[in-house]
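I opened the model to look up a polar side chain, a sheet and a surface patch, and I kept these notes as I went.

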Amino acid sequence: MNIFHSLESEVRSYCRSWPVVFDRAEGSWLYAENGRKYLDFFAGAGALNYGHNNPVLKQALLDYLAADRVIHSLDMHTAAKREFLEKFEEFVLGPRGLDYKVQFPGPTGTNSVESALKLARKVTGRESVINFTNAFHGMTLGALSVSGDSMKRGGAGIPLVHATPMPYDNYFDRRYPDFLYFERLLSDSGSGLNKPAAVIVESVQGEGGINVARFEWLAGLADLCRKHEILLIVDDVQMGCGRTGPFFSFEPAEITPDIVCLSKSIGGYGLPMALTLVRPHLDVWEPGEHNGTFRGNNASFVTAAAALDTYWADDRLEKSTLAKGEQIEAVLESIAGNVPGVLPRGRGLARGLAFADPAVAGQVAAAAFERRLLVETSGPSGEVVKLMPPLTITDEDLEDGLTRFADAVLVCTAV
Ligand code: PMP
């Protein structure tokens with residue numbers, strides 16, 4: 001029995017699928033202690049969009065550390081935070097014409113979601129929130145209450161209330177007009193639906209199985225929210241920071257959410273950080289009404305600012321993400337042409353291959369690991385194999401990974 005088995009909680013999960021001890025990492029590669037190297041199509045579940053130990057971000061961090069600059073500061077003013085905010089305005093908000101106040105919640109996605117839900121309730125004076133089938137928003141109680149996965153919800157140990165699920169785009173295979181049920185409930189005074197404070201939505205559901213909402217569906221949702229004076233929260237924790245191409249995944253839908261949740265890759269280097277973006281008139285917090293000891297993680301501010309400077313001053317990363325996404329799509333389409341019952345999904349570099357039998361998806365992920373490729377499964381039954389390489393992956397590594405993946409599918413589906 002090694003120390004992981006004897007001491008670490010049973011709650012551990014990824015290490016069960018990938019039973020090696022990782023030690024070093026560079027770009028799109030993870031190196032295990034046993035000398036094996038693994039191509040990473042998982043990218044820290046979206047926290048490593050710029051790859052492992054990105055050299056530009058690393059240098060900025062090393063310089064900051066070497067000069068004994070402030071690391072921990074709660075929400076005090078620091079030079080590192082100022083620089084991050086300036087870059088965020090210059091490269092992200094300004095060019096997109098977005099007017100948001102920036103809240104720093106605790107440094108995880110679920111903290112951002114909690115703050116968004118609390119603020120929506122405070123602003124509107126209402127309690128209930130609309131979420132969507134197969135959503136995932138985090139593991140703290142508020143975020144879990146708007147998440148779909150029944151196993152994870154069960155872990156709460158108390159009733160999860162004040163959330164009403166609605167069908168996500170394509171839930172009924174487009175057999176019904178968009179929002180037929182939701183719109184009817186909102187306009188019928190006998191429906192029993194409490195008027196919601198907010199709707200929370202992912203534009204692509206990562207954990208839910210790479211379910212992509214159409215842009216017109218998102219635009220329709222934004223219209224519906226406006227019409228009924230419901231706040232629109234977009235959870236861009238996993239799909240933001242360029243994962244689908246543009247910095248925010250909702251940009252092509254031409255919507256402006258009232259609140260946006262960001263985390264994962266916003267820190268740039270895999271360091272913990274989260275933001276909640278709030279339209280200025282909604283920023284009604286009292287000082288300290290929502291707080292957290294690690295809001296001022298300056299190491300993250302430094303690598304976050306360096307990432308914005310390096311990758312978001314122009315549209316090169318966005319274009320290359322879209323091009324690489326199409327490269328993956330072509331391979332997934334060709335697999336689908338040869339293997340009956342599999343379905344490619346995704347946008348940008350958030351891709352997935354859905355299998356009719358979840359067991360086969362699991363076997364494919366295991367076969368990929370044997371071929372030294374890291375991919376995880378997602379979806380309510382784990383039926384979707386998820387392909388999320390770093391956005392900075394080289395063409396050569398991308399092709400290499402896709403070859404390993406196609407081979408893994410082939411061995412698991414050959415009759
Ligand atoms: N929202 C979304 C869309 C996510 O994908 C995740 C994490 N997978 C979270 C929220 C929660 O983030 P964290 O694990 O950092 O709390």
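**Notebook: contact, sheet, patch**

I began with Asn131, whose side chain reaches the backbone oxygen of Val146 at 3.0 Å; a polar contact is a pair of N or O atoms within 3.5 Å, where within protein one must be able to donate a hydrogen and the other to accept it, and residues adjacent in sequence count only if both atoms are side-chain atoms. I note that the model is predicted, that local features need pLDDT of at least 70 and side-chain atom pairs pLDDT 80 or more, while totals for chains, interfaces and linings use all residues. Residues are numbered from 1 along each chain as its sequence is written, and side-chain values use heavy atoms, with hydrogens and water left out.

I placed Asn131 in strand S5, residues 129-132 (strands are DSSP runs of E, at least two residues; helices are runs of H or I, at least four; both are numbered from the N terminus). With a relative accessible area of 3%, Asn131 is buried (buried is under 20%, exposed over 50%, partly exposed in between, with a 1.4 Å probe and protein chains only).

Next I traced an open sheet of four strands, ordered S13-S14-S17-S16 with antiparallel pairing (two strands pair if DSSP finds at least two bridges between them). Strands S13 (343-347) and S16 (376-378) stand at the edges, each with a single partner strand, so one side of each lacks a neighbour in the sheet. Five bridges join S13 to the antiparallel S14, residues 350-354, and Leu343 has Ala354 in S14 as its bridge partner.

Last, I found Phe4 in helix H1, residues 3-7, and at 40% relative accessibility Phe4 counts as partly exposed.
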